[in-house]
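Student: Could we go through the aromatic packing in this one? Let me get it on screen before we start.
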Amino acid sequence: MTDAIQAPRPGPDDTNAPDEQKKIHRAETKTRTTVEAKRVKVFIRSANQQTGAIGYTEHGERHANTSADGARFILKSLGHDARRCEIAAVAAYLHDMGNVVTREKHAQTGALLAKDILIDLGFALDEVATMMGAIANHEEDEGGLPVSAVSAAVIIADKSDVHRSRVRNPKSTSFDIHDRVNYAVTASEIKVSRKEKLITLELAVDTEVSPIMEYFEIFLPRMMLSRRAAEFLHCNFALVINNTRLL
């Protein structure tokens, strides 16, 4: 984390900074944060086991790392300072930890679980408060809304992680709609254009596995929350599926 804090980043008003349009491949888990302590990993792994037991897609370390990578990337691409980018990555890494208690209200539970961990790790109280707000507000079904730049980045990164690698059901013949939609997505990438003030989620969907309409059937509320999050970051949000812009 020390390197990330010290690394220079262009500020939001630095017009000479390049317009970044880098892609984040959602199956990658290359990010690292300072919170990958043993107790955190135990909570995330246990949370993943419990969500699996009730039929949910993967919510473990892969999703935690992918979300952290995406949240950091979004804010970095928009010119936010390095410390805020890292705070977003930490919040995104922890955002689903509340599933270790129960799926219902897991965002709020996760925020409370994270508080003592983050304080013990030496984060300033204002940073802890920001991360608690981001964790508590990431879930559309629980009334979550973007309440800070960090919160907005966590929302978009989380909701963009749609990919066949998240499907745990080994039998395609017994896929439910969530399994079908996730398995149909063969590639999922975030693009950020600082110049155009545009955040784009690009998906490649195998329509022989699931028609595009099924994606909207279950994920439209997520996309609406992502749009609100992008607007909080003074950007527009676009959804592109199979090279066609749909939002």
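Tutor: Let us fix the rule first: rings of Phe, Tyr and Trp (its six-membered ring) pair if their centres lie within 6.5 Å, with planes under 30 degrees apart counted as stacked, over 60 as edge-to-face and the rest as tilted. This is a predicted model, in which local features need pLDDT of at least 70 and side-chain atom pairs count only at pLDDT 80 or more, while totals for chains, interfaces and linings use all residues. Residues are numbered from 1 along each chain as its sequence is written, and side-chain values use heavy atoms, leaving out hydrogens and water.

Student: OK, how many aromatic pairs does that rule give?

Tutor: The count comes to 3 aromatic pairs, and ring pairs link Tyr215, Phe216 and Phe219 into a cluster.

Student: What's the geometry for tyrosine 215 and phenylalanine 216?

Tutor: Their ring centres are 5.8 Å apart and their planes stand at 85 degrees, so this pair is edge-to-face. Tyrosine 215 also pairs edge-to-face with phenylalanine 219, at 5.1 Å centre to centre and 75 degrees between the planes.

Student: And is tyrosine 215 buried or exposed?

Tutor: Tyrosine 215 is buried at 3% relative accessibility, where buried means under 20% relative accessible area, exposed over 50% and partly exposed in between (1.4 Å probe, protein chains only). Phenylalanine 216, at 18%, is buried too, as is phenylalanine 219 at 2%.

Student: Switching topic, what sits over the ring of tyrosine 183?

Tutor: The charged end of arginine 164 does, 4.1 Å from the ring centre; the criterion is NZ of Lys or CZ of Arg within 6 Å of the ring centre and within 35 degrees of the ring normal.
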